[in-house]
Amino acid sequence: MNDTHLIPAAPSVIAEVRRWLSYLAHERRCSPKTVEAYGRDVRQFLTFLTAHLGGPPSLPDLAALAPRDVRAFLAERRSAGLDQRSLGRVLAGVRSFGRFLERNGLGKVGALQAVSTPKAKPRLPRPLPVADAKAVADADTRAGEARETWVLVRDAAVLALCYGCGLRISEALSLKRREAPAPGAALRITGKGGKTRMVPVLPKVAAAIEDYLKLCPHPLDPEGPLFVGVKGGPLSPRIIQLAMASLRGALGLPETATPHALRHSFATHLLAKGGDLRAIQDLLGHASLSTTQVYTAVDSSALMAAYRAAHPRAQR
């Protein structure tokens, strides 16, 4: 952030903002965008305080802030159009600067911690429509690309596991060659926190994996990875993400259509077909039923959207 000279604050505060931004960039190794966003948040905070306090704030002024001052700042940002999620991010940036001051013995801005973080509504998962989810997991969808056939078939097999079994990319790519499922078999998956679960494998998913194994040009060690890259090493998740980006372009899908969205699609489509919520919880490996219940909201949203679009009295 090269415009720290524009910050309306006492010279001592401006100097600490510069030190803090350097700390974020070089010691914390935050991304340039994160450093820029945090710097912008603090500049807005200090600009507000200049008007709120009647002059550029000093380090003692920051330490003397009351919770009502911080709430007034958040109210001002809310009136500028920020939603709850954005307000939470702004407060996180300003708190980071406050913690930096405290660690360096320059006073504790206790008011920042005394104010609760604005609660944002959880974002609902964004599943794909059934037809698009099926197309994503079909190697023929990318048939026109200048890629080796076995690579396209491999990518489709990984995405088929994400949609057909509800796996995370990391779970699909952690499978060993000896774990390749036969038709009608089940996969033993170790998910987050070491939690294991059994996931049935649909015939089409097993067939997609079998097609990949027939075409893969590399010898696969039974204890090595099931899915390998073009040079025979472990397949990077980034490759599957890029494959999904290609599919988004081919199918006209939104940016929310990611490999993880296929896991959301798996759960939402099961629920729409009358799947039991606790069974879906077990298939996904969720520790808490409340995590799985978010899909009921997705299903209800889709139902209401269909009602509003199709029911003859919905527009009245």
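## Starting with helix H2

A good place to begin is helix H2, which covers residues 32–53. Its 22 residues, at 1.5 Å a residue, should span 32 Å, and the end C-alpha atoms are 31 Å apart, which agrees. Keep in mind that this is a predicted model.

Which residues of H2 are buried? They are Val 35, Ala 37, Gly 39, Asp 41, Val 42, Phe 45, Leu 46, Phe 48, Leu 49 and Thr 50. Among the elements covering these buried residues are helix H1 (11–27), helix H3 (59–63), helix H4 (67–79), helix H5 (84–103) and helix H6 (110–114). Just after H2 comes Gly 54, with a positive phi of about 85°.

## The chain as a whole

Stepping back, the protein chain holds 14 helices and 2 strands. It has 316 residues, and 42% of them count as buried. Take the contacts between residues at least 6 apart in sequence: 60% of these join residues at least 24 apart.

## Helix H11 and its buried side

Now to helix H11, residues 237–251. At 1.5 Å a residue, the 15 residues of H11 should span 21 Å, and the distance between its end C-alpha atoms is 21 Å, which agrees.

The buried residues here are Ile 240, Ala 243, Met 244, Leu 247 and Arg 248. They cover an arc of only 150° around the axis, so they lie on the same side of H11. The cover over the buried residues of H11 includes helix H7 (130–136), H8, helix H9 (169–173) and helix H12 (259–272).

Leu 242 also belongs to helix H11. Is this residue buried or partly exposed? Leu 242 counts as partly exposed, because its relative accessibility is 42%. Its C-alpha atom is separated by 9.5 Å from that of Thr 258, a residue 16 residues away along the chain.

## Where H8 meets H11

One of the helices over H11 deserves a second look. Helix H8 (residues 149–164) packs against H11 at an angle of about 95°, and the two axes are 10 Å apart. Angles of 65 to 115 degrees count as roughly perpendicular, so that is how H8 lies to H11.

Which residues make the contact? From H8 come Arg 154, Asp 155, Val 158 and Leu 159, while H11 provides Ile 239, Ile 240, Ala 243, Met 244 and Leu 247. By character, the residues of this contact divide into 7 nonpolar, no polar and 2 charged. Ile 240, Ala 243, Met 244 and Leu 247 take part in this contact and are also among the buried residues of H11.

Methods
Residues are numbered from 1 along each chain as its sequence is written. This is a predicted model: local features need pLDDT of at least 70, side-chain atom pairs count only at pLDDT 80 or more; totals for chains, interfaces and linings use all residues. Side-chain values use heavy atoms; hydrogens and water are left out. Axes are lines fitted to C-alpha atoms, for helices over the stretch in contact, and angles run from 0 to 180 degrees between N-to-C directions. Helices (H or I, at least four residues) and strands (E, at least two) are DSSP runs, numbered from the N terminus. Angles under 35 degrees count as roughly parallel, over 145 as roughly antiparallel, 65 to 115 as roughly perpendicular and the rest as oblique. Contact means heavy atoms within 4.5 Å. Ala, Val, Leu, Ile, Met, Phe, Trp, Tyr, Cys and Pro count as nonpolar, Asp, Glu, Lys and Arg as charged, and the others, Gly among them, as polar. The expected span of a helix is 1.5 Å times one less than its number of residues. Buried means under 20% relative accessible area, exposed over 50%, partly exposed in between (1.4 Å probe, protein chains only). The arc is that of the directions from the helix axis to the C-beta atoms.
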